[in-house]
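Biologist: I would be grateful for a close look at one part of this model, namely the aromatic residues and their surroundings. Please set that part in the context of the chain as a whole.

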Amino acid sequence: MGLTRLTRYLLREVLLAWLAVTVVLVVVLLTNRLVQFMADAASGDIPANVIFTLLGLKAAANLGVVLPGSFFLGVVLALGRLYRDAEMTAMAGCGIGPGRIFRGIFALAVPLSLLVALLTMSLGPAAEREADRVLANAQQQARFAGVQPGRFIELGDGTTVYVARVSDDGELQGIFAERTLPDGRQIWVAERGRRAMDAMGSGEFLVLEDGWRYEGEPGQAAWRLMRYAEHGVRIAEPAPVEPGAGLDAQSPGQLLADGGDGAIAELQLRLSLPLMVLVLALGSLPLASTDPRSGRYGRVVVAVLLFMIYFNLLYTAADWVGSGVLPAWVGVGWVHALALLAALTGLWARLGVRWRRRAV
């Protein structure tokens with residue numbers, strides 16, 4: 001790979017710290033999502049069997065947002081340990097300048113920036129669209145989950161269903177269904193049936209087998225009877241949740257075709273996250289520079305605060321672009337310019353004189 005032993009050593013230290021921080025942040029993210037999905041399942045909004053599918057898709061959709069921050073904190077932790085153990089002082093005494101240190105940092109930062117770009121531009125939106133689709137289907141299926149034997153249940157569209165028994169494989173037996181219409185009522189009775197999505201068209205269906213349909217008005221003698229081998233009763237139209245409807249689920253091509261302020265802001269925000277990795281990598285070295293006697297996590301707290309300021313300013317600028325407060329040509333670039341200026345200022349203030357005297 002053409003990497004020196006020192007570069008490989010720095011790369012290993014940064015990589016291990018970054019992976020540890022990433023695991024912690026992803027666990028926190030998944031825990032929050034898990035609590036939300038479990039609450040939805042407990043209230044009957046979604047079936048429990050899709051919780052982990054949604055959890056994985058949401059994790060993939062948000063991974064591109066997590067990685068820049070986890071990388072920054074990982075680098076600060078790794079370099080901070082080297083400073084506390086006086087390894088950085090020993091490197092400086094051997095004439096190793098900041099360029100050699102940055103070589104190890106950017107050996108990971110550059111491919112990570114490309115990975116974040118892939119996640120934010122392609123894989124993340126695709127995972128978000130799939131999560132929307134799974135959630136829409138799950139919300140539809142949750143309505144069927146309320147069907148219990150021996151109870152009258154209103155499934156939707158004015159349809160009331162009574163089921164005598166439910167077999168172990170989920171087949172409904174001894175079914176009575178009734179729907180009130182403006183000109184009368186429709187009544188179905190069937191020996192058995194099943195719950196189905198998009199079985200005879202788009203939407204939710206109760207598929208009945210071997211039964212009768214009665215249609216007429218109570219108190220009138222004119223009733224129509226029809227015997228059927230299989231009959232589908234539409235319970236509801238397709239869910240209003242349309243996969244890919246949100247800007248965060250749209251592909252770059254769709255955002256460019258949209259051309260609105262919100263679409264431009266979303267596109268600029270996605271492109272900002274890979275650039276954020278490189279800017280944070282540049283600012284990590286001066287921030288990690290500590291005295292061996294200093295606290296173990298003092299710089300980490302400062303790093304978290306600076307990252308939160310950078311991150312929130314970025315999203316605030318995107319909101320301003322989306323609402324028309326800032327023109328699209330200004331966009332979010334000024335936030336990166338401020339962050340880059342702060343990183344260069346910190347690099348010069350903390351390391352400039354020291355490293356210029358000792359570097360080869």
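Modeller: In this predicted model, W334 has a relative accessible area of 26% and is therefore classed as partly exposed, since that category begins where the buried range, under 20%, ends. Its partner is W320, which is likewise partly exposed, at 36% relative accessibility. The ring centres of W320 and W334 lie 6.3 Å apart and the ring planes meet at 10 degrees, so the two form a stacked pair. The assignment follows because the centres fall within 6.5 Å and the planes are under 30 degrees apart. W320 belongs to helix α7, whereas W334 belongs to helix α8, which spans residues 333-358; with their positions 14 residues apart, the pair links distant parts of the chain.

Helix α7 holds a further aromatic pair. F311 and Y315 both lie in this helix, which covers residues 298-323, and they stand 4 residues apart, about one turn of the helix. F311 is buried, with 18% relative accessible area, while Y315 is partly exposed at 28%. In total, the model contains 4 aromatic pairs. The one formed by F311 and Y315 is tilted, with 4.7 Å from centre to centre and 40 degrees between the planes. The tilted label applies because 40 degrees is neither under 30 nor over 60. F311 and Y315 also join F307 in one aromatic cluster.

The helices that carry these rings also contribute to a pocket. The largest pocket has a volume of about 410 Å³. It is lined by 19 residues, and those closest to its centre are L306, Y310, A339, A342 and A343. The elements that each supply two or more residues to this lining are α6 (261-288), α7 and α8. Helix α8 gives the most, with 7 residues. By residue type, the lining of the largest pocket consists of 15 nonpolar, 2 polar and 2 charged residues.

The UniProt record, an unreviewed entry, bears on the same part of the chain. Its annotation "transmembrane region" covers residues 9-30, 50-80, 101-123, 271-288, 300-318 and 324-349. In the model, residues 271-288 are 100% helix and 0% strand, with the C-alpha atoms at the two ends 27 Å apart. For residues 324-349 the figures are 65% helix and 0% strand, and the end C-alpha atoms are separated by 37 Å.

Helix α6, one of the elements of the pocket lining, includes L278. This residue is partly exposed, at 29% relative accessibility. Leaving aside residues up to four places away in sequence, L278 touches F106, A109, V110 and S113. The C-alpha atoms of L278 and S113 are 7.0 Å apart, although 165 residues separate the two along the chain.

Two residues in strands may be set beside these helical examples. Q186 lies in strand β4, which runs over residues 184-197. At 11% relative accessibility, Q186 is buried. Beyond residues up to four places away in sequence, Q186 is in contact with A177, E178, R179, L181, R213, Y214 and E215. V166 is located in strand β2, residues 159-166. With 32% relative accessibility, V166 counts as partly exposed. V166 touches P149, E171 and L172, again without counting residues up to four places away in sequence. Between the C-alpha atoms of V166 and R192, which are 26 residues apart along the chain, the separation is 9.3 Å.

The overall arrangement provides the context for these details. The protein chain has 8 helices and 6 strands. Read from the N terminus, its elements follow the order α-α-α-α-β-β-β-β-β-β-α-α-α-α. The chain has 360 residues, of which 42% count as buried. Of the contacts between residues at least 6 apart in sequence, 61% join residues at least 24 apart.

Technical notes: Residues numbered from 1 in each chain as written. Predicted model: local features only at pLDDT ≥ 70, side-chain atom pairs only at ≥ 80, totals over all residues. Heavy atoms only, no water. Phe/Tyr/Trp six-rings, centres within 6.5 Å; stacked < 30°, edge-to-face > 60°. Buried < 20%, exposed > 50% of the residue type's maximum accessible area, 1.4 Å probe, protein only. UniProt positions renumbered as here; feature names shortened; annotations may be inferred. 1 Å grid on protein atoms, 1.4 Å probe; cavity = no way out; pocket = protein on both sides within 12 Å on 5 of 7 lines; lining within 4 Å. Points joined across faces, edges and corners; volume = space filled by probe spheres on them. Nonpolar A, V, L, I, M, F, W, Y, C, P; charged D, E, K, R; others polar. Contact = heavy atoms within 4.5 Å.
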